Amino acid sequence: MNTFDKGTRFIQVTGMLEGDRFTFRNSEWKLLVETSRYYEIKPDSGSVKRLYKEKLHVILNDSSHYKHAALSCSAFCLKEREAEIRLQILLHLKRRIQELKQDLQLNLDALERASGQIT
């Protein structure tokens, strides 16, 4: 059963944190084909992508490692859910930073213990 009309537009919302700057970037994708499991979508210029239905409106990490003070994540959504997805991206990145801070504190604690053992 098809949910959307051919020509429906999806938006990929990306949140990018680089040092002390945070930005959103949107890119539009046009629906080409809908199956029971996925959508085939295509940007205005570029190649076709298969978007599985369970991944629509789901935040995915674009950066697997924290490197050079940069983190990013994105989600495909419908235009009417863009504001909600932007808020979810902000909250997702805040959680990631909190997790990284906790991991780094554990690393510091281990180094402190190790430095006390060196004689």
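Tyr38 is buried, at 15% relative accessible area. That value comes from a predicted model, as do the others in this report. Tyr52 is partly exposed, at 28%.

**Aromatic pairs**

The structure has six aromatic pairs. In one of them, the rings of Phe22 and Phe24 have centres 4.9 Å apart. Their planes stand at 85 degrees, so this pair is edge-to-face. Phe22 is partly exposed, with 31% relative accessibility. Phe24 is partly exposed too, with 27%. The rings of Tyr38 and Tyr52 also pair edge-to-face, because their planes meet at 65 degrees, with centres 5.7 Å apart. Tyr38 sits in strand β3 (residues 38-43) and Tyr52 in strand β4, so the pair ties together parts 14 residues apart in sequence. Elsewhere, ring pairs link Phe4, Phe10 and Tyr39 into a cluster.

**The sheet**

How are the six strands ordered in the open sheet? The order is β4-β3-β2-β1-β6-β5, with antiparallel pairing. Strands β4 (49-52) and β5 (60-61) are the edges, each pairing on one side only. Strand β1 (residues 9-18) runs antiparallel to strand β2 (residues 21-34), and ten bridges join the two. Val13 has its bridge partner in β2: Asn26.

**Salt bridges**

There are eight salt bridges in the structure. Three of them are tabulated here, with the distance between nitrogen and oxygen.

| Pair | N to O distance |
|---|---|
| Glu28 and Arg9 | 3.6 Å |
| Arg21 and Glu18 | 3.7 Å |
| Arg81 and Glu84 | 2.9 Å |

Arg81 is partly exposed, at 28% relative accessible area. Its partner Glu84 is partly exposed as well, at 35%. Salt bridges with shared partners also build a network, which joins Arg9, Glu28 and Asp44.

Within that network, the Glu28 and Arg9 pair spans two strands. Glu28 belongs to strand β2 and Arg9 to strand β1, so their salt bridge ties together parts 19 residues apart in sequence. Glu28 is partly exposed, at 42% relative accessibility. Arg9 is partly exposed, at 34%. In the Arg21 and Glu18 pair, Glu18 is partly exposed, with a relative accessible area of 41%.

**A nonpolar surface patch**

Which residues make the nonpolar surface patch of about 320 Å²? They are Phe22, Leu87, Leu90 and Leu91. Phe22 is the residue whose ring pairs with that of Phe24. Helix α1 (residues 82-117) gives the patch its largest share, three residues. Leu87 lies in this helix. Leu87 is partly exposed, with 48% relative accessibility.

**Cysteines**

A disulfide is a covalent bond between the sulfur atoms of two cysteines. How many disulfides does a search of the whole structure find? It finds zero. Cys73 is in no disulfide, and the nearest cysteine sulfur, that of Cys77, is 12 Å away. Why is Cys77 not bonded to Cys73? The sulfur of Cys77 is 12 Å from that of Cys73, its closest cysteine sulfur, and this is too far for a bond. The cut-off for a disulfide is 2.5 Å between the sulfur atoms. Are these cysteines buried or exposed? Cys73 counts as buried because its relative accessibility is 0%. Cys77 is buried, with a relative accessible area of 0%.

How values were computed. Residues numbered from 1 in each chain as written. Predicted model: local features only at pLDDT ≥ 70, side-chain atom pairs only at ≥ 80, totals over all residues. Heavy atoms only, no water. Patch = residues over 30% accessible without salt bridge, like charges linked within 9 Å, V, L, I, M, F, W, Y side chains within 5 Å. Areas by Shrake-Rupley, 256 points an atom, 1.4 Å probe, with all protein chains shown as cover. Salt bridge = Lys/Arg side-chain N within 4 Å of Asp/Glu carboxyl O. Helix = DSSP H or I, 4+ residues; strand = E, 2+ residues; numbered from the N terminus. Buried < 20%, exposed > 50% of the residue type's maximum accessible area, 1.4 Å probe, protein only. Pairing = 2+ DSSP bridges. Phe/Tyr/Trp six-rings, centres within 6.5 Å; stacked < 30°, edge-to-face > 60°.
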